[in-house]
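Hi everyone, thanks for making time this morning. I'd like to walk you through a structure that is new to most of us, so please have a look at the picture first.

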Amino acid sequence: MLLTFDPTFHSHPEFQLNCVLEGEGSRFVGNNITSFKAMDMVLIGPHLPHVWRNENKYFEKDSQLSTRVIVVYFHKDFFGEALRLKDEMGQIDRLFQKSERGLEIVGKTKAIVSKMMRELIELDGMDGVIQLLKILNVLAKSNDYHFVTHNYLISSNTEAETTRMNKVYGHVMRNFKHTISAEEVASLINMTRTSFSRYFKARVNKSFSDFLKEIRIESACKLLKEGKMNIDQIGYECGFQTLSNFNKQFKKVIGKQPNQYRNEYLKVAAESYRYF
């Protein structure tokens with residue numbers, strides 16, 4: 001069990017199964033950006049770049065906020081190639097193939113697997129291997145998942161590229177509430193604006209402006225759900241210069257206006273509360 005996330009955008013040759021027990025922030029997997037909170041569960045295939053990053057308030061000097069996450073790493077052949085190639089392992093092998101795009105686990109399967117992962121961290125040796133196989137078997141038989149990335153091609157990740165992307169991500173997450181230009185970010189990694197634009201799109205499969213917009217919209221969604229600020233305040237807080245632009249960009253990304261998004265969320269939350 002980890003008490004903090006690896007703060008760098010990175011990849012590795014192992015599969016990774018994450019279950020967040022406590023904490024919230026933004027999740028970056030390949031070209032996908034979304035928020036995470038407790039019970040966020042994702043299976044990531046080898047070499048798929050990713051980072052979970054807590055909100056800025058977690059890094060404030062006197063913050064009492066904390067994060068807990070269970071992370072399981074394993075290789076495709078951890079149980080031996082001879083066993084992996086057996087017909088009985090076909091479903092698990094297909095699960096591995098799907099995980100190349102990242103899988104967000106949801107529904108009853110998430111509840112079952114989170115319990116099994118808590119049990120796993122208490123086991124040693126062969127008992128742990130057997131428990132991991134059971135977890136993979138549950139995941140392989142389930143349809144309770146969503147693909148995380150879309151049309152994402154895994155590229156080779158050198159240490160230099162990882163360092164560059166970390167500088168970009170870190171700068172954006174610290175400053176998205178303010179004006180950020182592509183020239184400004186390009187200078188951080190010693191590139192021209194044109195070179196940076198090509199580089200970024202090749203790595204993330206979207207333009208830098210679209211990436212920045214999605215970061216701001218994701219932050220706006222969190223504030224809309226909290227219901228503590230009015231719509232125009234949220235727009236300015238998330239880096240949009242005008243309310244009309246905020247409404248326009250929000251609808252383009254989410255498919256509905258901010259007030260409609262908030263009203264629908266609050267309605268669902270109220271109806272859910274009635275059953276407790």
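Before anything else, one bit of vocabulary: for two elements, angles under 35 degrees count as roughly parallel, over 145 as roughly antiparallel, 65 to 115 as roughly perpendicular, and the rest as oblique. The axes behind those angles are lines fitted to C-alpha atoms, for helices over the stretch in contact, and the angles run from 0 to 180 degrees between N-to-C directions. Please also keep in mind that this is a predicted model, where local features need pLDDT of at least 70 and side-chain atom pairs count only at pLDDT 80 or more, while totals for chains, interfaces and linings use all residues. Residues are numbered from 1 along each chain as its sequence is written, and side-chain values use heavy atoms, with hydrogens and water left out.

Let's start with the overall picture. The protein has eleven helices and eight strands; these are DSSP runs numbered from the N terminus, with helices being H or I of at least four residues and strands being E of at least two. Of its 276 residues, 44% are buried. Buried here means under 20% relative accessible area, exposed means over 50%, and partly exposed is in between, using a 1.4 Å probe and protein chains only. The protein exposes about 15,100 Å², and carbon and sulfur atoms supply 50% of that; the areas come from the Shrake-Rupley method with a 1.4 Å probe, and for residues only the protein chains shown count as cover. As for contacts, meaning heavy atoms within 4.5 Å, residues 24 or more positions apart account for 70% of those with a separation of 6 or more.

Now to the helices. How do α3 and α4 pack? Helix α3, residues 107-120, meets helix α4, residues 125-141, at an angle of about 170°, and their axes are 10 Å apart. The two are therefore roughly antiparallel to each other. On the α3 side the contact includes I112, V113 and M116, and on the α4 side L132, I135 and V138 are among the residues taking part. By class, this contact has nine nonpolar, three polar and two charged residues. For that count, Ala, Val, Leu, Ile, Met, Phe, Trp, Tyr, Cys and Pro are nonpolar, Asp, Glu, Lys and Arg are charged, and the others, Gly among them, are polar.

Helix α4 has another partner, α2. Their axes come within 9 Å and cross at roughly 75°, which makes α2 roughly perpendicular to α4. Here Q91, I92, L95 and F96 of α2 meet L136, N137, L139, A140 and K141 of α4. Those residues divide into six nonpolar, two polar and one charged.

Just along the chain, R101 sits in the loop between α2 (90-98) and β7 (103-105). Is R101 buried or exposed? At 32% relative accessibility, R101 counts as partly exposed. Leaving aside neighbours within four places in sequence, R101 is in contact with L48, F147, V148, T149 and H150. R101 and L43 are 58 residues apart in sequence, yet 9.2 Å apart in space, C-alpha to C-alpha.

On to the strands. Strands of a sheet pair through backbone hydrogen bonds, either parallel or antiparallel. Two strands pair, in our terms, if DSSP finds at least two bridges between them. One open sheet has three strands in the order β3-β2-β5, with antiparallel pairing. β3 (32-36) and β5 (50-54) stand at the edges with a single partner strand each, so one side of each has no neighbour in the sheet. From one strand to the next, the twist averages 20°. Five bridges join β2, residues 25-29, to β5, and V29 has H50 as its bridge partner in β5.

Elsewhere, β1 (residues 15-22) pairs with β6 in the antiparallel sense over seven bridges, with Q16 opposite Y73 in β6. Strand β6, residues 68-74, is mostly covered, with five of its seven residues buried.

Finally, helix α8, residues 208-226, lies across β2 and β3, running at about 20° to β3. α8 also packs with helix α10, residues 243-254, at about 95°, with axes 10 Å apart, so the two helices are roughly perpendicular to each other. Within α10 we find Q249, which is buried at a relative accessible area of 13%. Not counting residues up to four places away in sequence, Q249 touches K213, I217 and F240.

That's my tour; thanks for listening!
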